[in-house]
Amino acid sequence: QVALVESGGGSVQAGGSLKLSCAATVDPYSQYCMGWFRQAPGKEREGVASLFTGDGSELYVDSVKGRFTMSRDSAKNTLYLQMNSLKIEDTAVYYCATDRKAPWSTCEYPPQEVDFAYWGQGIQVTVSS
């Protein structure tokens, strides 16, 4: 059974930083694409970054590239999203998501909701001026 729990959200001023965590309960013998999505008020949910556990490869959408960084602590089964130089437009509910992948596979770009079967409950990130 797969379960994801996000933490670390909150409020920050523009230009500040936040680090989100996603504690994952997954099959340790399988490979996964793990992603971060966000949904701003009145907008559709969008993928912002993904990481394939098989080779550690990371993908970022242009709007966060250079500002957001994913990392993973495999011993703790925890995925992180370090968010720096935050902008007001980064305000959204952030979701961690994952789906099992074949060992020779990779994550699709950009991350699409349809490619992820398991989701966390979401966590609010608010960036103010």
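Colleague: Which residue meets Asp-90 in a salt bridge between side chains?

Modeller: This is a predicted model, in which local features need pLDDT of at least 70 and side-chain atom pairs count only at pLDDT 80 or more, while totals for chains, interfaces and linings use all residues. Residues are numbered from 1 along each chain as its sequence is written, and side-chain values rest on heavy atoms, with hydrogens and water left out. A salt bridge requires a side-chain nitrogen of Lys or Arg within 4 Å of a carboxyl oxygen of Asp or Glu. At 2.7 Å from N to O, the side chain that meets Asp-90 in this way is that of Arg-67.

Colleague: How many residues apart in sequence are the parts that Asp-90 and Arg-67 tie together?

Modeller: Asp-90 lies in the loop between strand 8 and strand 9, and Arg-67 in the loop between strand 6 (58-60) and strand 7. Helices (H or I, at least four residues) and strands (E, at least two) are DSSP runs, numbered from the N terminus. The pair therefore ties together parts whose separation in sequence is 23 residues.

Colleague: Are Asp-90 and Arg-67 buried or exposed?

Modeller: Buried means under 20% relative accessible area, exposed means over 50%, and partly exposed lies in between (1.4 Å probe, protein chains only). By this scale, both Asp-90 and Arg-67 are buried.

Colleague: Which residues do salt bridges that share partners join into one network?

Modeller: Asp-90 and Arg-67 meet in a salt bridge. Through shared partners, such bridges form one network of Arg-38, Glu-46, Arg-67 and Asp-90.

Colleague: Which residue meets Arg-45 in a salt bridge, and how accessible is Arg-45?

Modeller: The partner side chain, at 2.9 Å from N to O, is that of Glu-113. The two sit in distant parts of the chain, 68 residues apart: Arg-45 in the loop between strand 4 and strand 5 (46-52), and Glu-113 in the loop between strand 9 (92-101) and strand 10 (118-119). Glu-113 is partly exposed, with a relative accessible area of 33%. Arg-45 is also partly exposed, because its relative accessibility is 23%.

Colleague: What is the relative accessible area of Asp-62?

Modeller: The side chain of Asp-62 meets that of Lys-65 in a salt bridge (3.2 Å, N to O). Lys-65 counts as partly exposed at 48% relative accessibility. Asp-62, by contrast, is exposed, with a relative accessible area of 62%.

Colleague: In what order do the 4 strands of the open sheet lie, and by what angle are neighbouring strands turned?

Modeller: Two strands pair if DSSP finds at least two bridges between them. The pairing in this sheet is antiparallel, and the order is 1-3-8-7. Strand 1 (3-7) and strand 7 (68-73) are the edge strands, each pairing on one side only. With axes fitted as lines to C-alpha atoms (for helices over the stretch in contact) and angles running from 0 to 180 degrees between N-to-C directions, the average turn between neighbours, direction ignored, is 20 degrees.

Colleague: Which residue in strand 8 is the bridge partner of Met-70?

Modeller: Strand 7 and strand 8 pair in the antiparallel sense over 6 bridges. In strand 8, the partner of Met-70 is Leu-81.

Colleague: Which residues of strand 11 point to one face and are buried?

Modeller: Strand 11 (residues 123-128) is joined to strand 2 (residues 10-13) by 4 bridges in the parallel sense, and to strand 9 by 3 bridges in the antiparallel sense. Its side chains alternate, with Gln-124, Thr-126 and Ser-128 on the face that is not buried. The buried side chains on the other face are those of Ile-123, Val-125 and Val-127.

Colleague: What is the volume of the largest pocket?

Modeller: On a 1 Å grid over the protein atoms alone, a cavity is a set of points where a 1.4 Å probe fits but cannot get out, and a pocket is an open set with protein on both sides within 12 Å along at least five of seven lines; lining residues have an atom within 4 Å of a point. Grid points are joined across faces, edges and corners, and a volume is the space filled by probe spheres set on the points. For the largest pocket this gives about 190 Å³.

Colleague: Which residues are closest to the centre of the largest pocket?

Modeller: The largest pocket is lined by 14 residues, and strand 4 supplies the largest share, 3 residues. Those closest to the centre are Val-26, Ser-30, Thr-53, Arg-72 and Asn-77.
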